[in-house]
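Okay, thanks for coming, everyone. Have a look at the sequence and the structure on the screen, and then I'll walk you through it.

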Amino acid sequence: MNFDLRLPIGLMFSLFGAILTIYGLISGPEIYQRSLGINVNLWWGGGLLVFGLLMLFFALRKGGDN
Amino acid sequence: MPINIQLHGIDYAILAIYFIFVLGIGFALKRTMKGSVDFFLSGRSIPAWVTGLAFLSANLGAQEVIGMAASGAKYGIMTSHFYWVGAIPAMVFLAIFMMPFYYGSKARSVPEYLKLRFDEKTRGFNAISFAVMTIFSSGISLHALARLLETLVKWDYWTCIWVCAFIVLVYIFLGGLTSAIYNEVLQFFMIVLGFSPLVYLGLRDVGGWSALKEKLIPVATSQGYAAGTWTQSWAHMGNPIENPMGVNWFAMVMGLGFVLSFGYWCTDFLVVQRAMAAKSMSAARRTPLIAAGPKMLFPILVILPGMIAIALNNQSGGAFLPAGSDGHPDYNMVIPSMLAHYFPPGLLGLGFTALMASFMAGMAGNVTAFNTVWTYDIYQSYIAPKKSDSHYLWMGRWATVFGILVSIGAAFMASKFNNIMDMLQLVFGFVNAPLFATFLLGMFWKRATGHGAFFGLLGGTLAAMAFHGLSCAVGVTPGIKGGWIEPHFLFRSEMGQNFYMAIVAWTSCFLLTIGISILTARTKSDADLKGLVYSLTPKPESEAEPWYMRPAFVGIVVLLITVGLNILFW
């Protein structure tokens, strides 16, 4: 039986999300000049984290009925 | 000004994590590869949402991301015809009408379907041309990736080639098609999630959609076209002179929409293989429909950046895109330019990884299609029939190694002798153009015979070649781009020439197959053709799914939305 693909997707994007969010919190505003002054690491990192955790939630909730 | 992407530690970390996951999936799947069907068809066990996204992703290689963004800059929203006229109707047709035969016949590959439906020689022709084609496409992907990395981040060309080829090799060698499919889905999310912020920032920078429309007016008028040419998909297609593609609506609908798109999406084993790996008939039929959803929206992700980039480039007097060797902006640099322009360290790693992922998935898709066709349709059929299943599994693994080595060779050729690759792609175009006629007649006309199919295909290919030799685009020197017999038919653009070539090839193949079939005796009885031809196959049972899940219903909804999109951007 193959494993549920949502597991690695969830893990990977949670990890990316966490890294970008933390980096977004600690990095100074000067690197965000090119992204029009928006701290995209923080915002998008948060989005990725939510996406990754949702994938993990669905993968673990049903335990491989797919 | 050449683009230079500065990667920081955090960007490398994201890249490294991605590759750890890619390889990890291969290792995790290794123990499930027990027989050849596991390796080549994923044991027909994959859920529809996974095969659906992989179906989409297998085609989402370099050509799509870089190429469609380039077209968005070069032609504007007319590029959406590749989606809303080309891909979507063909995907719906595949799901509703063709999948029952591919999946139901238990053929293990598209060439094998041709063997069951027609005869050995038709299969041989298709299998061999397909195998050669996929391996060269894989090499071209690899070459394009290495060249891009060399330009953007100054990595060594050959190191890139070997490292990328090695990663693809490892995960396919271990996990076969399942590994390729799983990684394609991973890559699908990488591309969508990695590029969406790019579109958001670009659109915000340009001032929103209406400001973009405004700024695209001078782009059109400065090249001598009507003001709305870059933002209206159909309004300027009455005459090829009115639009930058140099194509009219008839060539677009028949050439691209019907012949080329149906030929690609319905018969190319690279994509069809993903649907064949689904766990049931209904999952197989849902595969292209699930893919159609995101496919409809892809223009936002790949065409819109091109339009934004050209608008900003025009506004800034050419400061946004680097100039190409011909003096025009280098359209292929749209996505890399935007990455360098908008993404700070961190997000840049994500976008850059998505870019690399798209090239590698394009390569992996070709390699898995190649090892299957090689092992089942060439090796098992002509070289070593009647061996044990474990022997074919072994062969599939080594075909992967062999295929990747040949890809590297092809990349080498592409880097040294560009003309040979152009020539090869031209020949592939000749072979592909008539294919859909053969499948259409095979699936819907039981009287079509093996001789009819084979000579029809051959005739269609020769017709394509002859047409190419007799036609060329205005201003092109006769040679590799056409007119090498005599430039008799002149077209406004190479794209127009190409679309008409497809129409001629398809029609020749269609008529020849009918004519020769009538003149030759049937070699397959009605009983032989059960499950292979529409009129002789019982209708697929609707596996107790609710009406809103049935392929026909979903297909109609998808088509209606597509019509709506066409009208919206008319």
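Let me start with a question: does A:Leu36 count as buried, exposed or partly exposed? Keep in mind that this is a predicted model. Residues are called buried at 20 or more other C-beta atoms within 10 Å and exposed at 12 or fewer. A:Leu36 has 13 C-beta neighbours inside 10 Å, so it counts as partly exposed.

And where is A:Leu36? Look in the loop between helix H1 (6-26) and helix H2 (40-62) of chain A. There's something else to spot here: its phi is near 55°, which is positive, and this isn't a glycine. Most residues other than glycine have a negative phi.

Chain B has a similar case to look at. B:Lys106 isn't a glycine either, and its phi is positive, about 60°. You'll find B:Lys106 in the loop between H5 and H6 of chain B. It has 12 other C-beta atoms within 10 Å, so B:Lys106 is exposed.

While we're on exposed residues, take B:Trp209, which lies in helix H9 (residues 209-222) of chain B. You might guess that a tryptophan would be hidden away, but B:Trp209 counts as exposed because it has 12 C-beta neighbours inside 10 Å.

Back to chain A for a moment. It has 2 helices and 0 strands. Of its 66 residues, 39% are buried. If you take the contacts in chain A with a separation of 6 or more, 76% of them join residues 24 or more positions apart.

So how do the chains meet, and how many residues does each give to the contact? Chain B puts in 30 residues and chain A puts in 23. On the chain B side, the elements giving two or more residues are helix H1 (9-29), helix H8 (157-206), helix H13 (334-342) and helix H14 (347-383). H8(B) gives the most, with 10 residues. By class, that side of chain B has 23 nonpolar, 5 polar and 2 charged residues.

Now let's go inside. The largest nonpolar core has 219 residues. Among those with the most contacts inside it are B:Met91, B:Val168 and B:Val334. H8(B) turns up again here, giving the most to this core, with 25 residues. The core lies between domain 1 (46-162 + 194-416 + 541-568) and domain 2 (429-538) of chain B, because both of them give residues to it.

Let's zoom in on B:Val334. Leaving out residues up to four places away in sequence, B:Val334 touches B:Ala69, B:Ala70, B:Ala73, B:Pro305, B:Gly306, B:Ala309 and B:Leu321.

What about the two domains themselves? The C-alpha centres of domain 1 and domain 2 of chain B lie 23 Å apart. In the contact, 29 residues of domain 1 of chain B meet 26 residues of domain 2 of chain B. On the domain 1 side, H5, helix H6 (110-117), helix H7 (120-153) and helix H10 (249-267) of chain B each supply at least two residues. H10(B) gives the most to that side, with 11 residues. Sorted by class, the domain 1 side has 18 nonpolar, 8 polar and 3 charged residues.

Two more helices and then I'm done. The first is helix H20 (residues 551-568) of chain B. It has 18 residues and reaches 25 Å from its first C-alpha to its last, close to the 26 Å expected at 1.5 Å a residue. Which residues of H20(B) are buried? They are B:Pro551, B:Val554, B:Gly555, B:Val558 and B:Thr562. Those residues cover an arc of only 100° around the axis, so they sit on the same side of H20(B). They pack against H5 and helix H12 (281-315) of chain B. The face of H20(B) turned away from them carries the exposed residues B:Leu560, B:Gly564, B:Ile567 and B:Leu568.

The other one is helix H15 (residues 389-416) of chain B. Its 28 residues should span 40 Å at 1.5 Å a residue, and its end C-alpha atoms are 40 Å apart, so that agrees. The buried residues of H15(B) include B:Tyr392, B:Met395, B:Gly403 and B:Ala414. What covers the buried residues of H15(B) includes H7, H8 and H14 of chain B.

That's it from me, thanks!

Technical notes
Residues are numbered from 1 along each chain as its sequence is written. Chains are lettered from A and ligands numbered from 1 in the order in which they are written. This is a predicted model: local features need pLDDT of at least 70, side-chain atom pairs count only at pLDDT 80 or more; totals for chains, interfaces and linings use all residues. Two residues are in contact if their C-beta atoms, placed from the backbone, lie within 7 Å. Helices (H or I, at least four residues) and strands (E, at least two) are DSSP runs, numbered from the N terminus. Ala, Val, Leu, Ile, Met, Phe, Trp, Tyr, Cys and Pro count as nonpolar, Asp, Glu, Lys and Arg as charged, and the others, Gly among them, as polar. A nonpolar core is a set of buried Ala, Val, Leu, Ile, Met, Phe, Trp, Tyr and Cys residues joined through C-beta atoms within 7 Å. Domain bounds come from an automatic or database domain assignment. The expected span of a helix is 1.5 Å times one less than its number of residues. The arc is that of the directions from the helix axis to the C-beta atoms.
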